[in-house]
Amino acid sequence: MVLISEQGQSPKQHKTKKLKSWTIITLKMQQVHAKKFLGQHFLKDLSIAQRIAETIDSGPTIEIGPGMGVLTQYLLKNPNIQLTAIEIDRESVVYLKEWYPELHLIEGDFLKLDLNIIYPEGEFNVIGNYPYNISSQIFFKVLDYKDRIPVCSGMIQKEVAERLASKPGKKAYGILSVLLQAYYDIEYLFTVDEHVFNPPPKVKSAVIRMTRNKRRQLDCDEELFKTVVKTAFNQRRKQMRNSLQQLVGKGNPILEENIFTLRPEQLSVEQFVELTKLIENERNQNIL
């Protein structure tokens with residue numbers, strides 16, 4: 001574990017503080033047991049926790065799955081952040097109330113909560129060391145609140161982070177890449193090794209930051225856009241004239257246009273918008 005030294009301390013004082021900090025963290029980990037079904041892997045490197053906390057500067061902020069508060073403690077130290085933590089694990093809730101009584105804590109499932117009740121108005125950020133087993137679902141929910149969430153950051157499985165930040169033409173480029181990049185600028189910040197967790201996961205992790213871009217809305221039917229992207233990538237090895245014919249009808253002449261000869265990983269967000277407009281116009285003509 002890497003600890004941040006404080007200026008003005010002698011080597012002996014710093015060593016003593018480091019040993020005390022290690023002992024406290026070890027004792028804390030005995031109080032909360034990582035649960036596999038919740039995808040829990042508790043971060044024990046304080047320097048990484050601080051770096052994650054620094055990805056959010058200010059404002060109302062939701063922390064998802066604080067666990068034992070390793071990230072929480074740094075968010076609480078920032079006077080410009082108004083923190084609300086959401087935790088589903090009862091054992092962690094009991095622990096957090098004991099160690100962080102000042103924390104505004106909601107016991108519940110983030111995926112099932114109405115965030116408009118937590119924050120009836122205004123913007124709010126989202127941060128967390130996200131459980132691997134629901135990270136994609138978390139980002140889909142962030143999309144539902146995209147006009148209210150200016151920044152979403154945190155730690156996820158490295159493979160998922162690469163997928164989110166991937167550009168067209170890459171193997172990792174997929175549904176989440178397109179849907180999130182339509183509304184957010186995504187930064188892959190740094191990689192995190194397995195040994196800094198308890199228990200250590202079988203894969204590496206990574207920290208990302210998503211910042212809302214200037215695109216307030218797409219120049220097409222946004223629900224149809226989602227359908228087009230998901231339908232195309234569900235058969236990503238095929239040309240889109242094959243995968244998307246179900247949306248316009250088999251044998252439709254529009255399928256002969258050049259864009260339909262491409263595979264989905266070759267298209268940028270802007271090209272998916274144009275593709276959606278083509279399908280939208282064709283559908284409207286058929287209705288008329």
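**View 1. Seven strands form an open sheet with mixed pairing in this predicted model.** The strand order is β4-β3-β2-β5-β6-β9-β7. Strands β4 (104-107) and β7 (184-192) are the edges, and each of them pairs on one side only. From one strand to the next, the twist averages 20°. Strands of a sheet pair through backbone hydrogen bonds, in either a parallel or an antiparallel sense.

**View 2. Strands β2 and β3 run parallel.** Strand β2 covers residues 59-64 and strand β3 covers residues 81-87. Six bridges join the two. Opposite P60 stands Q82 of β3.

**View 3. Helix α4 packs on the sheet.** This helix, formed by residues 90-99, touches β3 and β4. The direction of α4 makes about 160° with that of β4.

**View 4. Strands β3 and β4 pair in the parallel sense.** Four bridges link β3 with β4. Within this pair, A85 stands opposite L105 in β4. Between the two strands the chain passes through α4, giving a β-α-β crossover that is right-handed. Strand β4, where this crossover ends, is also an edge strand of the sheet.

**View 5. Helix α7 lies across three strands, β6, β7 and β9.** The helix spans residues 158-165. Strand β6 comprises residues 151-157, and β9 comprises residues 205-212. Helix α7 runs at about 140° to β6. In the strand order of the sheet, β9 sits between β6 and β7, and β7 is an edge strand.

Terms used
Residues are numbered from 1 along each chain as its sequence is written. This is a predicted model: local features need pLDDT of at least 70, side-chain atom pairs count only at pLDDT 80 or more; totals for chains, interfaces and linings use all residues. Side-chain values use heavy atoms; hydrogens and water are left out. Two strands pair if DSSP finds at least two bridges between them. Axes are lines fitted to C-alpha atoms, for helices over the stretch in contact, and angles run from 0 to 180 degrees between N-to-C directions. Contact means heavy atoms within 4.5 Å. A crossover is right-handed if, with the strands pointing away from the viewer, the path from the first strand over the helix to the second runs clockwise.
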